[in-house]
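Here are a few exercises to work through with the model open beside you. Try each task before reading its solution.

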Amino acid sequence: MNLKEVVKRAETGPLMEANDFLMKRVAAGVLKLQKEYNIRWDGKTLVNLDDEMADRCWEAGKQLFLQTGVYSMNSRRVIEFSPEEVKQGLRFAPAKVPMGQGKEATVAYHRKVEDPRPPFVFGGPFNADVHESTFVKLNEAFAQERLIDCLLFPGYLKELDGLSIRPGSGLSSRAAVLYGQWAREAVRRAGRPGLAICGHAVMALNEIACTSEEWGLRQSDPRAMVLISELQADDVTMSRTMYYQDYGCPIYMAFTPLVGGYGGGPDGTALVAVASFIAAIMMGGEIVHIGPQHIKYKQQTNNHSLFLGSLANQAVARNSHIIATTSHTTAGRPGSAQYPYEFSALALAVVPSGSNLTGPRPAEPLGYNDVSPLMARLFAEVGQAAAKLSRAEAALIVEALYEKYKDKLTFAEAPKGQPFEELYDLNTLTPTAAHQALYDEVKEELVRIGVPLS
């Protein structure tokens, strides 16, 4: 599907109010199709083991997309697609996407269910609020973790020179330039100058200011777009997508289906997720990121999200060659054992289900720099180990991990953790003794309950 046709339809499609789109097309469609295709969660399963249900979920989700289309939030028009256009869009969706340069050139790829190949790992600050004084050091610490294949979202600069940054302002354009310069400097300092950087500098068109082959984000760096829940896009997303596609960057398209929202439970929301995967492809996405978000818990490792992530990824992995990746946001924060228990549970649920990995980060960061490069290392190690497991083997471990944190899913109950500057020596960029000890203890526990970590 040519993106120029998509943007035309955002100006010419059927007029509709957003509430009518969400209620009459999305919610009503889910209710009908969920019943027709018999997509049901038993309330207990954390990792889907039913291949037939995954296939039914794909078909139902595809039908849902054909009935809904994508809502253009600014023009209030629906971008609609025909069955033949969807068929062709899925046919030409890439199964491999190259990125990075030189020794760090790499390829993200489609994974099958129970694919023995290790997942591609997008790891980094993941849009944490990062203070300008520590931006380079924090990203250098992530980039020096060799298991990270692409530096992910180097962080939001919320302030510059003591001033808050307004989206769309001249200050935000300057912040985007610094984002590109500092992110590139960080990977150079880490000895990985060609490392791909998946960028998402500011929530405005000014973000394109970070683009420079010489000093910033390059043609070989993926650029992140976000579809708004559910199945909606705004002008900024479409404009950025058009620019980056013409520039030649890989397009990383994210969406967060909301359990408890217009899709209902995790089973109905799985239909919305499949529809959103297809929407992302039709809107120009080449790597597609699902964030299995819960509307109540506002994070992605609760029991509903675990099942949603496994079922939706399996539906996509079994019936398309879409390159899927799953984000990992937790209730626990870095510096606590709950943080790795949570992201390990989700990684073990989705990697055998055909997903690559994005993350991790706390869903509610407490202040600046609320991330840990050492935990990103463990995240990647767990992902590689998960590729050695069947879904049935992984399911038992996911259940054991979920028991460790299920009573602390709210942000108030979850451990507060510590920021980067308390977990690392900022001169040597090495973990503190206490943080290293936590990593070692959690890793030993993961091995004990069956994670095949080397």
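## Exercise 1: the small mixed sheet

Strand 1 (residues 70-72) is joined to strand 2 by 3 bridges, and the two run antiparallel. The model is a predicted one, in which local features need pLDDT of at least 70 and side-chain atom pairs count only at pLDDT 80 or more, while totals for chains, interfaces and linings use all residues. Residues are numbered from 1 along each chain as its sequence is written, and side-chain values use heavy atoms, with hydrogens and water left out.

Task: find the strand order of the sheet that holds this pair, then say which strands stand at the edges.

Solution. Start with the terms: strands (E, at least two residues) and helices (H or I, at least four) are DSSP runs numbered from the N terminus, and two strands pair if DSSP finds at least two bridges between them.
- The open sheet has 3 strands in the order 2-1-11, with mixed pairing.
- Strand 2 (77-79) and strand 11 (232-233) each have a single partner strand, so one side of each has no neighbour in the sheet.
- To check the register, look at S72, which lies opposite R77 in strand 2.
- Helix 1 (residues 3-12) packs on this sheet and touches strand 1 and strand 2; its direction makes about 150 degrees with that of strand 2. Contact here means heavy atoms within 4.5 Å, and angles run from 0 to 180 degrees between N-to-C directions, with axes fitted to C-alpha atoms, for helices over the stretch in contact.

## Exercise 2: the parallel sheet

Task: trace the open sheet of 8 strands and locate its edges.

Solution.
- The order is 9-6-5-17-16-14-12-10, and the pairing is parallel.
- Strand 9 (196-198) and strand 10 (223-226) are the edge strands, each pairing on one side only.
- From one strand to the next, the twist averages 25 degrees.
- Strand 6 (residues 150-152) and strand 9 run parallel, joined by 3 bridges; C150 has A196 as its bridge partner in strand 9.
- Helix 10 (residues 338-350) packs on the sheet, touching strand 16 (323-330) and strand 17 (356-362), and its direction makes about 155 degrees with that of strand 16.
- Helix 11 (residues 373-386) also packs on the sheet, touching strand 5 (121-123), strand 16 and strand 17, at about 145 degrees to the direction of strand 17.

## Exercise 3: a helix pair

Task: describe how helix 4 packs with helix 8.

Solution. Two packed helices are described by the angle between their axes and the distance between the axes.
- For helix 4 (residues 83-91) and helix 8 (residues 266-282), the angle is about 80 degrees and the axes are 9 Å apart.
- Helix 4 is therefore roughly perpendicular to helix 8 (65 to 115 degrees; under 35 is roughly parallel, over 145 roughly antiparallel, the rest oblique).
- E85, V86, G89 and L90 of helix 4 meet I278, I281 and M282 of helix 8.
- These contact residues divide into 5 nonpolar, 1 polar and 1 charged (nonpolar: Ala, Val, Leu, Ile, Met, Phe, Trp, Tyr, Cys and Pro; charged: Asp, Glu, Lys and Arg; polar: the others, Gly among them).
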